[in-house]
Amino acid sequence: MSQSKKIQVRPDSGALGAEIGGVDLAQGLDDETVAAIRSALLEHLVIFFRDQDLTSAQYMVFAEKFGELSEYPMISGIEGYPKIIPVTKLEHETINFGGIWHSDTTYLENPPMGTMLLARELPPRGGDTLFANQYMAYETLSEGMRKMLDGLTGVNTSTLATASRTREDRLKDHPHQEGAREFSAEHPVVRRHPETGRKSLFVNVGHTERFKDMTVEESAPILNQLFRHQVQERFTCRFTWRPGSLVFWDNRAAQHNAINDYDGFRRIMHRITFAGDTPQS
Ligand code: SIN
């Protein structure tokens with residue numbers, strides 16, 4: 001029987017997220033199964049796998065089924081695998097990587113299509129990750145606001161203090177040659193998903209500084225309102241990690257936020273990022 005016939009897709013909350021069961025990612029996946037997983041990703045924006053005992057080599061083979069991989073611009077990969085970066089918080093650290101609502105690296109011209117995260121070491125409790133559906137965030141705005149935002153461009157930067165402090169510890173112990181570089185990119189505030197054709201809100205508090213042709217001060221009232229609006233509980237789901245959990249999110253239509261509630265304990269995740277396109281309105 002094709003593995004795709006055995007796959008179960010169980011939606012996880014009202015807004016987004018589904019757990020995928022009945023598949024062993026360490027086995028080579030056939031094309032039908034890969035297509036079924038991709039279609040679950042497009043429908044649910046973030047998909048969760050449990051109990052996957054993958055070596056780094058197997059993780060790479062699985063990931064490569066879903067697109068071209070890209071390197072993270074500021075942090076080097078783990079030994080032997082430049083495209084797997086460690087997302088780590090150690091016992092003595094108090095700041096966690098990605099501990100703010102964001103879409104990944106929207107300060108690049110081509111932000112990632114998506115990202116995978118595999119749990120390697122977890123704290124005894126805490127360290128969950130939140131996700132938010134940005135189609136819903138767009139669709140629930142008033143018609144007047146949608147019309148106005150449809151024509152706007154956002155300026156995204158790697159230098160906003162709130163986001164950059166979340167990567168400081170990792171820059172120290174896994175420095176990348178581009179670590180000191182500042183990145184900036186302009187993207188439509190409302191982007192059209194290249195595969196589903198749906199519109200989503202594409203600003204985030206981690207990286208969006210202002211609207212193009214406006215000052216930071218002029219942009220702030222509307223941006224701050226959008227930052228609050230886009231992560232309301234009704235648009236979110238929360239994932240509790242277990243050893244062997246693997247998560248794959250669509251960075252074009254979902255945001256995420258790593259909860260920092262496990263001081264004194266270690267959390268180590270392995271992240272793979274997928275090359276993306278230039279966002280279009
Ligand atoms: C990230 O933003 O890539 C980190 C997410 C997490 O650690 O849960």
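Rings of Phe, Tyr and Trp pair when their centres lie within 6.5 Å, and planes under 30 degrees apart count as stacked, over 60 as edge-to-face and the rest as tilted. The structure in these exercises is a predicted model.

**Exercise 1. Aromatic pairs**

Find how many aromatic pairs the rule gives, and classify the pair formed by Phe-48 and Phe-131.

*Solution.* The rule yields a count of 10 aromatic pairs. For Phe-48 and Phe-131, begin with the distance: the ring centres are 6.2 Å apart, and this is within the cut-off of 6.5 Å. Next take the planes, which stand at 55°, so the pair is tilted. Finally, locate the two residues: Phe-48 belongs to strand S3 (residues 46–49) and Phe-131 to strand S7, so the pair ties together parts that are 83 residues apart in sequence.

**Exercise 2. The sheet that contains S7**

Work out the order of the strands in the sheet that contains S7, and state which strands form its edges.

*Solution.* Three strands make up this open sheet, arranged in the order S13-S7-S15 with antiparallel pairing. The edge strands are S13 (236–239) and S15, each of which pairs on one side only. On average, neighbouring strands here are turned by 20° against each other, with direction ignored. Looking at one pairing in detail, S7 (residues 129–133) is joined to S13 by four bridges, and Ala-132 stands opposite Thr-236 in S13.

**Exercise 3. The sheet that contains S8**

Explain why one side of S9 and one side of S12 are left without a neighbour in their sheet.

*Solution.* Start from the order of this open sheet of three strands, which is S9-S8-S12, with antiparallel pairing. Strand S9 (184–188) and strand S12 (208–211) stand at the edges and have a single partner strand each, so one side of each has no neighbour in the sheet. The twist from one strand to the next averages 30°. Between S8 (residues 153–157) and S12 there are three bridges, and Asn-156 is found opposite Thr-208 in S12.

**Exercise 4. The ligand and its shell**

Describe which residues surround the ligand, and which side chains offer polar atoms to its oxygen atoms.

*Solution.* The surrounding residues include Val-87, Phe-97, Leu-117 and Trp-249; by class, the shell has five nonpolar, four polar and two charged residues. Strand S15 (254–258) and strand S16 (267–274) each supply at least two residues of this shell. Turning to the polar atoms, a side-chain atom of His-102 lies 3.1 Å from a ligand oxygen, one of His-256 lies 3.0 Å from a ligand oxygen, and a side-chain N or O atom of Arg-271 is 2.7 Å from an oxygen of the ligand. Taken alone, the ligand exposes 260 Å², and the protein buries 100% of that area.

Notes: Residues numbered from 1 in each chain as written. Predicted model: local features only at pLDDT ≥ 70, side-chain atom pairs only at ≥ 80, totals over all residues. Heavy atoms only, no water. Near = heavy atom within 4 Å. Polar contact = N/O pair within 3.5 Å; in protein donor to acceptor, adjacent residues only side chain to side chain. Areas by Shrake-Rupley, 256 points an atom, 1.4 Å probe, with all protein chains shown as cover. Nonpolar A, V, L, I, M, F, W, Y, C, P; charged D, E, K, R; others polar. Pairing = 2+ DSSP bridges. Axes fitted to C-alpha atoms, helices over the stretch in contact; angles between N-to-C directions. Phe/Tyr/Trp six-rings, centres within 6.5 Å; stacked < 30°, edge-to-face > 60°.
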